[in-house]
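The following exercises are to be worked with the sequence and the structure side by side. Each task is followed by a solution in steps.

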Amino acid sequence: MSTQSLGIILWFVLLLLAIPYVRRAKHPRTKPLAAYMVFVTLFSVGAAVMFSVLLMLLSGYGGLDALHNVPGAALFLVLVFVPAFLLGRWQLKKPPRQVPVE
């Protein structure tokens, strides 16, 4: 199995695991599908940005070799996914905006 296939499978599993979490953690007035889409979008964008920034920093400082061992790769993934999760969770907890009635 290629690394790309493994990444896609893990991402799909993550999206499935987010469903029960979002149902439990969302704001009470937010609809479940909207809450899920907000969480998944912000988590995905946040993770992509953190991944890109950290990869550029590591390559700029010559630290890409740290990703070839398990502790370095694990730390990298924690630094990518924890801020992205917190960003998605922060937005998930916010109440929905009130749309003015015309």
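**Exercise 1: The surroundings of F76**

F76 counts as buried, since its relative accessibility is 8% (buried means under 20% relative accessible area, exposed over 50%, partly exposed in between, with a 1.4 Å probe and protein chains only). The model is a predicted one, in which local features need pLDDT of at least 70 and side-chain atom pairs count only at pLDDT 80 or more, while totals for chains, interfaces and linings use all residues. Residues are numbered from 1 along each chain as its sequence is written, and side-chain values use heavy atoms, with hydrogens and water left out.

Task: Determine in which helix F76 is found and which residues F76 touches, not counting residues up to four places away in sequence.

Solution.
1. Locate the residue: F76 belongs to helix α3, residues 70–93 (helices are DSSP runs of H or I with at least four residues, strands are runs of E with at least two, and both are numbered from the N terminus).
2. List the contacts, that is, heavy atoms within 4.5 Å: beyond four places in sequence, F76 touches F51, L54, L55, L58 and L67.
3. Examine one of these pairs in space: F76 and F51 are 25 residues apart along the chain, and their C-alpha atoms are separated by 8.3 Å.

**Exercise 2: Overall form**

Task: State how many helices and strands the protein has, and compare its radius of gyration with that of a compact globule of 102 residues.

Solution.
1. Count the elements: the protein has three helices and zero strands, and their order from the N terminus is α-α-α.
2. Apply the globule rule, which is 2.2 Å times the number of residues to the power 0.38, with the radius taken over C-alpha atoms. A compact globule of 102 residues would come near 13 Å, whereas the protein has 17 Å.
3. Consider the extents: the C-alpha trace spans about 55 × 30 × 20 Å along its principal axes.
4. Consider burial: 22% of the 102 residues are buried.
5. Consider contact range: of the contacts between residues at least 6 apart in sequence, 67% join residues at least 24 apart.

**Exercise 3: Helix α2 and the annotated regions**

Task: Test whether the span of α2 agrees or disagrees with the expected value at 1.5 Å a residue.

Solution.
1. Form the expected span, which is 1.5 Å times one less than the number of residues.
2. Compare: the 29 residues of α2 should span 42 Å, and the end C-alpha atoms are 42 Å apart, so the two values agree.
3. Identify the buried residues of α2: A35, Y36, F39, V40, F43, G46, A47 and L54.
4. Note what follows the helix: G62 comes after α2 and has a positive phi, near 70°.
5. Turn to the record: an unreviewed UniProt entry annotates residues 6–22, 34–58 and 70–88 as "transmembrane region"; UniProt positions are given in the numbering used here, feature names are shortened, and annotations may be inferred rather than shown by experiment.
6. Check two of these spans: residues 34–58 are 100% helix, with end C-alpha atoms 36 Å apart, and residues 70–88 are likewise 100% helix, with 27 Å between the end C-alpha atoms.

**Exercise 4: Nonpolar cores**

Task: Identify the residues that make up the largest nonpolar core.

Solution.
1. Use the criterion: a nonpolar core is a set of buried Ala, Val, Leu, Ile, Met, Phe, Trp, Tyr and Cys residues joined through side-chain atoms within 4.5 Å.
2. Name the members: the nine residues are A18, Y21, V22, A25, A35, Y36, F39, V40 and L92.
3. Assign them to elements: α1 (3–25) and α2 (32–60) each contribute at least two residues to this core.
4. Note the other core: a second, separate one has six residues, among them F43, L54, V80 and A84.

**Exercise 5: The loop between α1 and α2**

Task: Decide whether H27 and T30 are buried or exposed, and find their contacts beyond four places in sequence.

Solution.
1. Place both residues: H27 and T30 lie in the loop between α1 and α2.
2. Classify them: H27 is buried because its relative accessible area is 18%, and T30 is buried at 14%.
3. Find the contacts of H27: L92, K93, K94, P95 and P96.
4. Find the contacts of T30: A35, K94 and P96.
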